[in-house]
There are 2 protein chains.
Amino acid sequence: MKYRISANVIKRLPRYIRTLDSLQRDGTEKISSSDLSGRLGLTASQIRQDFNCFGGFGHQGYGYNVAQLKKGIRDVLGVEELLTAALVGAGNLGRALMANFNFSECGVKLMAAFDTNPEKIGCFVGGVEIMDAAELPRFLKDSAPDIIILTLPKDYADEMVALAEKFNVRGIWNFTGTDIESGLQVVEDVHLSDSLLTLGYYLRSSQNDDRERKLR
Amino acid sequence: MKYRISANVIKRLPRYIRTLDSLQRDGTEKISSSDLSGRLGLTASQIRQDFNCFGGFGHQGYGYNVAQLKKGIRDVLGVEELLTAALVGAGNLGRALMANFNFSECGVKLMAAFDTNPEKIGCFVGGVEIMDAAELPRFLKDSAPDIIILTLPKDYADEMVALAEKFNVRGIWNFTGTDIESGLQVVEDVHLSDSLLTLGYYLRSSQNDDRERKLR
């Protein structure tokens, strides 16, 4: 490992990459930390501090080269080093990921998907085959994916975590809606509800603000 | 608005609720901030500080009543005050939300979905009708939903934001993969890639740690 970076900084890196992507698309070659600050809603000093965690990338007063900065951040995230993944549960969400999610941009190759539904088995979605879930243990043993993507109902989460542990699958991208606790694995729990609850909070707050303004 | 709470605290509240839910399911009635701390990976003082933002809920040394604490946090988020939503784009992701996402737990009622595909129009998913996208403007005008959920390709994002602005839809739950900038609206951009990039970073780091250990 080249860098020891705090979890908070890591969480901001994908956002930096997205912003730099859109700058590149607009043909912007250089950007100052204060411009980036405006686009990201972070302070310029926060941004400089973040970039200093992994060695800078810019010179004070000269701004950052957008392409270099993006490459640098992608290097920190290690996306050039390909990881492999298997998806379990080819329901609507699973198929949405297979069809539309840009795995390769994240440095991940989706090798196969698994489902128990005979009508789905053998179908291809986004170029990836849906295989019989009964084949999953053999696949984990033979192909040793780095990541298992759980897009199946939460009742199966524990069983899948045990299976992943047994076959030494180190990463779990978890859409089951439960929090997976595993000392042996790296887990990212995706909770879409967190985002809707946050949206609702701000919406209700601003509506109440409006009402208060009207009452004054 | 009853409270002014920082964005960082708000972001942690859904996680508190999930943890309290699972404690309730296990029959736990009281919990100390240090127990919560262990479950959440936050310091006990951070947790006490968060709860103090909205008036406490506990007495030092006595722990928190799980049910009361959960209710208190749900009140802060305002989930008892129902918001309404319309979903645009009944593809795999849209249908996954319609079929499986627990909107009511988030204090939101999904009223209708919209799509351009004639084969989908008129179908019901999760009890919600998929209507003709051509009807969307009229629906926004007549039913005035609080939130529009964008589960359609990113090329349509700008058009939808403009439509939402026109009909005074204040909240946007955005799955298009672009960041929506809108001064008039409350936006939550969902970027699943952030989570996979973070997972990949920790996975690659820990693998490199293992390699280093083996080389020693």
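Contact here means heavy atoms within 4.5 Å, and everything shown comes from a predicted model.

**View 1. The contact between chain A and chain B.** Chain A puts 64 residues into this contact, and chain B puts in 64 residues too. Putting the two together buries about 5,700 Å², with carbon and sulfur atoms giving 60% of that area.

**View 2. Salt bridges and polar contacts across the interface.** Chain A and chain B share 4 salt bridges. One to zoom in on pairs B:Arg18 with A:Asp179, where the closest N and O atoms sit 3.0 Å apart. As for polar contacts, 18 residue pairs turn up across the interface, both partners at pLDDT 80 or more.

**View 3. The side of chain A that touches chain B.** At least two residues each come from α1 (7-25), α4 (66-77), α5 (92-100), β9 (171-174), β10 (186-189) and α8 (192-215) of chain A. The top contributor is α8(A), with 21 residues. Sorted by type, this side of chain A has 32 nonpolar, 14 polar and 18 charged residues.

**View 4. Helix α6 of chain A and its two sides.** Within α6 (residues 136-143), A:Leu136, A:Phe139 and A:Leu140 are buried. These three share one side of α6(A) because they span an arc of only 100° around the axis. Flip to the other side of α6(A) and you meet A:Arg138, A:Lys141 and A:Asp142, which are exposed.

**View 5. What packs over α6(A), and what comes next.** The cover on the buried residues of α6(A) includes strands β4 (83-88), β5 (108-115), β7 (128-132) and β8 (147-150), plus helix α7 (157-166), from chain A. Right after α6(A) comes A:Ala144, with a positive phi near 45°.

Key:
Residues numbered from 1 in each chain as written. Chains lettered and ligands numbered in written order. Predicted model: local features only at pLDDT ≥ 70, side-chain atom pairs only at ≥ 80, totals over all residues. Heavy atoms only, no water. Buried < 20%, exposed > 50% of the residue type's maximum accessible area, 1.4 Å probe, protein only. Helix = DSSP H or I, 4+ residues; strand = E, 2+ residues; numbered from the N terminus. Arc of directions from axis to C-beta. Buried area = accessible area lost by both parts, 1.4 Å probe. Salt bridge = Lys/Arg side-chain N within 4 Å of Asp/Glu carboxyl O. Polar contact = N/O pair within 3.5 Å; in protein donor to acceptor, adjacent residues only side chain to side chain. Nonpolar A, V, L, I, M, F, W, Y, C, P; charged D, E, K, R; others polar.
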